[in-house]
Amino acid sequence: MDLYQQYPILLHINGQERRFEVESWVTLLDLLRERAALTGTKKGCDHGQCGACTVLVDGRRINSCLTLAVMQDGRAVTTVEGLAQGEQLHPLQQAFIERDAFQCGYCTPGQLCSAAGLINEGQAKTRDDVRELMSGNLCRCGAYPQIAQAVVDVMGIRDDRDGKEPFTTGPVLA
Ligand code: FES
Ligand code: FES
């Protein structure tokens with residue numbers, strides 16, 4: 001068996017049709033970063049534990065380190081580079097700026113794509129729901145309260161903090 005045999009795949013990445021010849025063992029994350037030159041998507045753990053590599057596939061959020069590129073043949077992939085419309089930031093990007101929802105920024109592309117997927121899922125009704133449903137995205141800088149607030153802002157959902165947890169104070173695990 002030739003481990004380096006390449007397979008042709010077609011992906012629709014951020015609205016563009018892209019063709020690749022790729023070995024069967026290449027993850028979607030590595031294809032995006034190393035072969036599509038889309039380095040906005042980050043590699044944190046490479047084991048499905050941190051969420052830094054989150055992208056949208058056909059509108060659903062996935063950890064791109066946990067899927068092989070060949071498995072996504074024919075699908076539409078949206079990375080953080082595809083969220084804005086030209087010069088117009090995605091509402092989540094704007095809210096992250098307004099709520100100061102990042103420090104080093106390493107987790108931010110994954111947080112943004114995860115939040116976009118969360119909105120598509122339509123499950124979150126409260127701020128606590130947002131925290132729970134974003135819990136797969138870790139932030140070593142501890143910007144969780146601000147991240148949750150930015151998502152709550154965009155979703156326009158009920159804020160159930162009830163005055164007990166000001167979002168501007170220390171890190172709170174999501
Ligand atoms: S790099 Fe994929 S979950 Fe951490
Ligand atoms: S902003 Fe630094 S890891 Fe989240």
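## A walk through a two-domain model

The domain assignment splits this protein chain into domain 1, covering residues 6–82, and domain 2, covering residues 91–155. Keep in mind as you look around that this is a predicted model. The C-alpha centres of the two domains sit 21 Å apart. Where they meet, 16 residues of domain 1 are in contact with 17 residues of domain 2.

Let's start with the sheet. It is an open one, made of 5 strands in the order 2-1-5-3-4, and its pairing is mixed. Which strands stand at the edges? They are strand 2 (16–23) and strand 4 (60–63); each has a single partner strand, so one side of each is left without a neighbour in the sheet. If you ignore direction, neighbouring strands here are turned by 40 degrees against each other on average.

A bit of background helps with the next part. Strands of a sheet pair through backbone hydrogen bonds, and they can do so in a parallel or an antiparallel way. Strand 1 (residues 6–13) and strand 2 run antiparallel, joined by 8 bridges. You can pick out one such partnership yourself: glutamine 6 has glutamate 23 in strand 2 as its bridge partner.

Now see what lies on the sheet. Helix 1 (residues 28–35) packs on it and touches strand 1, strand 2, strand 3 (54–57), strand 4 and strand 5 (76–78). The direction of helix 1 makes about 110 degrees with that of strand 2. Helix 3 packs on the sheet too, touching strand 3, strand 4 and strand 5, and its direction makes about 40 degrees with that of strand 3.

Next, follow the chain through strand 3 and strand 4. These two pair in the antiparallel sense over 4 bridges, with valine 57 partnered by arginine 60 in strand 4. Together they form a hairpin with 2 residues between them. Aspartate 58, in the turn, has a positive phi of about 50 degrees.

Move on to the loop between strand 4 and strand 5, and you'll find serine 64. Is serine 64 buried or exposed? Its relative accessibility is 0%, so serine 64 counts as buried. Leaving aside residues up to four places away in sequence, serine 64 touches Thr27, Leu28, Leu29, Thr41, Cys53 and Val55.

Time for some aromatic rings. The structure holds 1 aromatic pair. The rings of tyrosine 4 and tryptophan 25 have their centres 5.8 Å apart and their planes at 85 degrees, so this pair is edge-to-face. The partners come from distant parts of the chain, 21 residues apart: tyrosine 4 is in the segment before strand 1, and tryptophan 25 is in the loop between strand 2 and helix 1. As for how much of each shows at the surface, tyrosine 4 counts as exposed at 58% relative accessibility, whereas tryptophan 25 is partly exposed, with a relative accessible area of 42%.

Finally, take a look at helix 2 (residues 91–98). Its buried residues are Leu92, Gln93, Ala95 and Phe96. Why are they on the same side of helix 2? Because they cover an arc of only 165 degrees around the axis. What covers these buried residues includes helix 3 (108–121) and helix 5 (144–155). After helix 2 comes aspartate 100, with a positive phi near 55 degrees.

Notes. Residues numbered from 1 in each chain as written. Chains lettered and ligands numbered in written order. Predicted model: local features only at pLDDT ≥ 70, side-chain atom pairs only at ≥ 80, totals over all residues. Heavy atoms only, no water. Buried < 20%, exposed > 50% of the residue type's maximum accessible area, 1.4 Å probe, protein only. Arc of directions from axis to C-beta. Contact = heavy atoms within 4.5 Å. Pairing = 2+ DSSP bridges. Axes fitted to C-alpha atoms, helices over the stretch in contact; angles between N-to-C directions. Phe/Tyr/Trp six-rings, centres within 6.5 Å; stacked < 30°, edge-to-face > 60°. Domains from an automatic or database assignment.
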